[in-house]
Amino acid sequence: MPLPPQCASNLDTGFIDNINSTGKDRMALITAETSTGQVAFECEAGKKLVLGLEDNGIDILHRCGGNARCTTCRVEILSGDPGPVTEPEQVILTNKPDINERTRLSCQIRVNDNLHIKVMR
């Protein structure tokens, strides 16, 4: 996906610098493998991944409202750094038999890096 003209890739940080009238906003490139194909979009640093996915038309559930209770917003991290696992996330994922070490809850991930993920259904 080509970057919009107002964006420039910053190879040192892995972020996209979005230059606008208010200065620079840190943006990350999210690539999501979904049941309907691959979707790539920019997401503001610090935003919850689940909200970035929803904002870009990706059907992902989060029935508990982002409280790490239901696991309906699971994603598999294919590449990138999703940040540390939160304690509530660790507790709920420990009780699920169908996960692996790359499984995370998108409601608990604050975007801080470019990510390549698979939406789990």
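This passage looks at one helix, the nonpolar core and the cysteines of a predicted model. Local features need pLDDT of at least 70 and side-chain atom pairs count only at pLDDT 80 or more, while totals for chains, interfaces and linings use all residues. Residues are numbered from 1 along each chain as its sequence is written, and side-chain values use heavy atoms, with hydrogens and water left out.

A good place to start is helix H2, which spans residues 87-94 (helices, H or I, of at least four residues and strands, E, of at least two are DSSP runs, numbered from the N terminus). Glu89, Ile92 and Leu93 are buried there (buried is under 20% relative accessible area, exposed over 50%, partly exposed in between, with a 1.4 Å probe and protein chains only). Viewed down the axis of H2, these buried residues fall within an arc of 95 degrees, so they line one face of the helix; the arc is that of the directions from the helix axis to the C-beta atoms. Exposed Glu87, Val91 and Thr94 sit on the face turned away from the buried side. The buried residues of H2 pack against strand E6 (103-105).

The largest nonpolar core (buried Ala, Val, Leu, Ile, Met, Phe, Trp, Tyr and Cys residues joined through side-chain atoms within 4.5 Å) has 23 residues. Ile30 and Leu49 are among those with the most contacts inside this core. Beyond its neighbours within four places in sequence, Ile30 is in contact (heavy atoms within 4.5 Å) with residues including Val39, Phe41 and Cys43.

Cys43 is itself buried, at 1% relative accessible area. The structure holds zero disulfides (pairs of cysteine sulfur atoms within 2.5 Å). For Cys64, the nearest cysteine sulfur, that of Cys70, is 3.7 Å away.
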